[in-house]
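This report describes a structure for a reader who has not met it before. Please look over the sequence and the model first.

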Amino acid sequence: MKKYLTIIIVLILTLLLVSGCENNEAGRQQKITIAEQYGLAYAPVQLIKELKFLEEANPNLEVEWKQLSNTTSIRESMLAGEVDIAFMAIPPFLIARDKGMEWKIISGLSESPLGLMTNRGDINSLADFKADAKIALPQPGSIQHILLSMAAEREFGEVDRFDEQLLTMSHPDAMNALLAGREVSAHFASAPYLFLESKEEGIKKILSGREAFGGDFTFIIGVSTEEFYEQQPKNYAYFLNALEKAIEFIDGQPEEIAEILADNYNLSQTEMLEYLNWPGMTFTSEIKGLNKFIDFMAAESYLEANNYQYSELVFEKNLAGSENISKEEAVQNEE
Amino acid sequence: MKSKYKQRIFWGIILALIWQLTAVSGIFSKMIFPGLDQILTALFDSLKDGTLIKQIGFSLSVIAQGLFLATITALILSLTAYFSSYAAGLIDTLTALAHPLPGIALMPLILIWFGSGKTAILIVIIHSVLWPLILNLSTGFNSIPDIYTLIAKNYRLNKLEFMYKILIPASLPYFISGLKIAWARSWRALISAEMLFGAINSLGGLGWYIFQKRVFFDLPGVFAGIIVIILIGIAVEDFIFEKLEAKTVQKWGMLK
């Protein structure tokens, strides 16, 4: 028995030691970590990075950019305290908020066209999808998945009609598979993949994000943890200003932006400009469609609660405007 | 035997207690360190609606197929290598080339060649299982004392008789430990392949279950999936491998 006791004590001590280390992380005050993702809808964030808006506002501020491949890993690093600010679609934000993650929305970032693209001649609408036709999208619970569920619910009354034929793929992989005509029959694409695919022969769009949602909606929002908001209000304010500046800049001078960001996206300047001006591509801090997402996702039990107050989801200091504006929009969306 | 189970249960309870105490103490937020109660509820919920059972069945059947194919191939290859030094050179080179390659590194190639269906997962499993099995079998064959082969010569056994009566039984401890390694590695290969490929048919297996729980931010569910894998691992180790050893190598006095 004595032996066992010693081992237990050692185990407990190790545990305490490990937890002790966690708390020693002081001196983070002058550092802000932002997760970036690849995609046209994140252009204002790229602008903040390229033009060093944050460093300009406070030269002492250390800005770290983290490249993470998908929303899930971004969420996990935010939970681990490694990332302060990130950008993603509304549904993945809501799913984690619903599970108790302490984070809120800073601002809207962009609206963007989305589309379900197919390479099959015999598919002209959702009804033509047979059970063997695979649909590629980033992951279950992503905005593409929720939009597809919304369309399935509206057209067939079955929210999970396509759930068994989904393939989890990143956008670049899915685009390659779609163009090669192997493995996948359709891809729920975002920009710029949507634009590249729509230029290819034999590939057509059978459903747009707008049709699926039944109105306009914000594609990407900026989010931050409550911990960061409360403990580093100054840095939060710097970021808020930088974001406002970037969104205004991108809205006002797309030519100049195209020049700055073309290399970043590996596109020519003309292509970049074409994509930035693509119909439906809007950079705005408004948040549209939040309530409709909540209502749908709660009704289909992707979320447990549906009675969220605006202030539980959006920080008091934000760029999106106050609650009243958003409610009016919700009404407009319903119509 | 009995004291082993007692010990296992004892340590299991201690570890569970430490886990639960850590969870309750609130050192870590509930979001990153769920309590056992949450994990078990998640496990029972998934078991109740039947999908998890099907997913376990699916994973096990893929592993069984992969292990079966890999074992047959490994036996054939290492026997050929034992009898022919030319083949031995080739198989040795192949093993040296392929053994250190993680299945995940081959994933892009496998995707292009075999698509993302069940075949792809089988290939990943066979790849991660075949080479350690061959290594173990060859070591087993080559470490048979000379006296055994001399006895075979004395009795004028032909190659087939030599194989069945001497070579395979004499190297069985190596074969069984190879199988144990293969079993553990096949799980790793399966889960990582499933998490990478996504659902491979309408169901998907345990890896898909864990992935789904992860994207829906359900950490207790992730742990539930891990617990299922652990339980299956222990069950197979205790009931299948131990029985196999008791009936063969232990009975023959080759292993304590």
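What percentage of the 335 residues of chain A count as buried? The share of buried residues in chain A is 44%. The model is a predicted one.

**Chain A as a whole**

Chain A contains 16 helices and eleven strands. Its radius of gyration is 22 Å, close to the 20 Å that the globule rule gives for 335 residues, so chain A is as compact as a globular protein of that length. Along the principal axes, the C-alpha atoms of chain A fill a box of roughly 70 × 60 × 40 Å. Among the contacts in chain A with a separation of 6 or more, 78% are between residues 24 or more positions apart.

**The two domains of chain A**

Chain A divides into domain 1, made of residues 31–112 and 219–334, and domain 2, made of residues 115–213. A distance of 24 Å separates the C-alpha centres of domain 1 and domain 2 of chain A. In the contact between them, domain 1 of chain A takes part with 23 residues and domain 2 of chain A with 15 residues. On the domain 1 side, the elements of chain A that give two or more residues are helix 4 (71–79), helix 5 (90–98) and helix 14 (290–299). Helix 5 of chain A supplies the largest share of that side, four residues.

**The contact between chains A and B**

Chain A uses 21 residues to contact 18 residues of chain B. On the chain A side, two or more residues come from each of helix 1 (2–22), helix 4, helix 5 and strand 7 (166–168) of chain A. The largest share of this side is the four residues of helix 1 of chain A. Helix 4 and helix 5 of chain A are thus listed for the side of domain 1 that touches domain 2 and also for the side that touches chain B.

The table gives the classes of residues on these two sides.

| Side | Nonpolar | Polar | Charged |
|---|---|---|---|
| Domain 1 of chain A, touching domain 2 of chain A | 15 residues | seven residues | one residue |
| Chain A, touching chain B | ten residues | six residues | five residues |

**One residue of chain B**

B:Ile234 lies in helix 11 of chain B, which covers residues 219–250. Is B:Ile234 buried or exposed? B:Ile234 counts as exposed because it has 12 C-beta neighbours inside 10 Å, and the cut-off for exposed is 12 or fewer. B:Thr119 is 115 residues from B:Ile234 along the chain, and their C-alpha atoms are 27 Å apart.

Technical notes
Residues are numbered from 1 along each chain as its sequence is written. Chains are lettered from A and ligands numbered from 1 in the order in which they are written. This is a predicted model: local features need pLDDT of at least 70, side-chain atom pairs count only at pLDDT 80 or more; totals for chains, interfaces and linings use all residues. Domain bounds come from an automatic or database domain assignment. Two residues are in contact if their C-beta atoms, placed from the backbone, lie within 7 Å. Ala, Val, Leu, Ile, Met, Phe, Trp, Tyr, Cys and Pro count as nonpolar, Asp, Glu, Lys and Arg as charged, and the others, Gly among them, as polar. A residue is buried if 20 or more other C-beta atoms lie within 10 Å of its own, exposed if 12 or fewer, and partly exposed in between; C-beta atoms are placed from the backbone. The radius of gyration is taken over C-alpha atoms; the globule rule is 2.2 Å times the number of residues to the power 0.38.
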